[in-house]
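User: Could you take a close look at the empty space inside this protein for me? I'd like to know what surrounds it.

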Amino acid sequence: MNSWKKTGGSLLTLAAVCLAAVLVFRDHYQEILENLRRVPGYGALALFALAVVFQLLESGVCAALVRARLPSFSFWEAMEVTFLGVFGNVATFAVGSIPMQCLHLHRSGLSVGHGAGLMTVEYIFHKSSILLYASVMLLFQGGWLRETAPELSRYLLPGYGICIVIVGALVLVCTWARLKNLVLHLIGLFPETEKWEKRKASWRSNLESLYEETRNVLKSPACCGRILLLNGGKLLCLYSAAYLSVRLTGAADLPFWRVQLLASLMLVIASALPNVAGVGPAEFTFLMIFGRYMDYAQASAALILYRAATYFFPFAASILFTFCIQRRSWAQNSSGK
């Protein structure tokens, strides 16, 4: 019943997002629809194929991390963990994403604390890869960006700063024993009541597990290199989806690597902004950046295609995965009785 409530809440959230989109685009909906009608079927299929490859690479990252602890962990299990994360991001407004993944990892033989540690390590690698990819793009194309959109620096610098602070703080907590001990000491300052003691015990356990898992992953340079390579391929697919969305709506004067730059900067800025169920910053930054190189109707149509492939389609698939996992869990519990 609780699972159905979460699904219903997420569907209501998506309905609200669709309503908001209608209200935002209502003055240009005819031009937007005209741009969308011109999209060929094979183009839409290619766009959704990129979205599938993105999720497969994301699952590959999960598998590489978990196999450092559980060598028998299968790629299919990694896909289930990945789509549970997608479902939790929307259905629980992100707060239940890691707990759902940790519970599934626990069923595969990994303790909840170590599961939370591995998912946090995955998040650190993800954020670091976003910054690294964008930095490489800026290194080779920064001059073109300064000439065509110098005003973007006012958004880019804070985005970079916030992402660096987040990644830096997590890396230090995960690798620097003194800082970890300081955080443990600060946790001990909370009230010594029964309710708080349980919370403090959980926080201490999770922090110790995070520290242990990080050290375990960093012991293997091959594993780290594999994860960074998979993340690079994953981001290439994501930004290629933005390129294909732009091309399918008629903007032929933006070359592939220019869109890779713009899309990577879009993700840096969006990653630094608060969001509700993964909605808000991506849409804002997409229109803000690509609206400078396309007319509004084209940019809006490209945004719809891009988010359909990278947000709505994965969430629809995650509902199916979550339902199958829940049904299997019910069956196992019933047979256990």
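Analyst: Happy to; here is a walk through the largest pocket and then the largest cavity. Please keep in mind that this is a predicted model.

Let's start with the largest pocket, which holds about 1,400 Å³ of space. Helix 3, helix 4 (75–91), helix 5 (97–107), helix 6 (112–148), helix 10, helix 11 (256–271), helix 12 (281–290) and helix 13 each give two or more residues to its lining. Among these contributors, helix 6 gives the most, with seven residues. In total, 42 residues line the pocket, and those nearest its centre are Glu58, Asn89, Tyr123, His126 and Gly278. Sorted by class, the pocket lining comprises 25 nonpolar, 12 polar and five charged residues.

Now for the enclosed space. Searching the whole structure turns up one cavity of 30 Å³ or more. The volume of the largest cavity is about 50 Å³. Three helices each supply at least two residues of its lining: helix 3 (41–67), helix 10 (221–248) and helix 13 (296–336). Helix 3 provides the largest share, four residues. If you'd like to find the spot on your screen, the cavity is lined by Leu50, Ala51, Phe54, Gln55, Cys237, Leu238, Ala241, Ala309, Thr310 and Pro314. Eight of the lining residues are nonpolar and two are polar, with no charged residue in the cavity lining, whereas the lining of the largest pocket includes five charged residues.

Conventions:
Residues numbered from 1 in each chain as written. Predicted model: local features only at pLDDT ≥ 70, side-chain atom pairs only at ≥ 80, totals over all residues. Heavy atoms only, no water. 1 Å grid on protein atoms, 1.4 Å probe; cavity = no way out; pocket = protein on both sides within 12 Å on 5 of 7 lines; lining within 4 Å. Points joined across faces, edges and corners; volume = space filled by probe spheres on them. Nonpolar A, V, L, I, M, F, W, Y, C, P; charged D, E, K, R; others polar.
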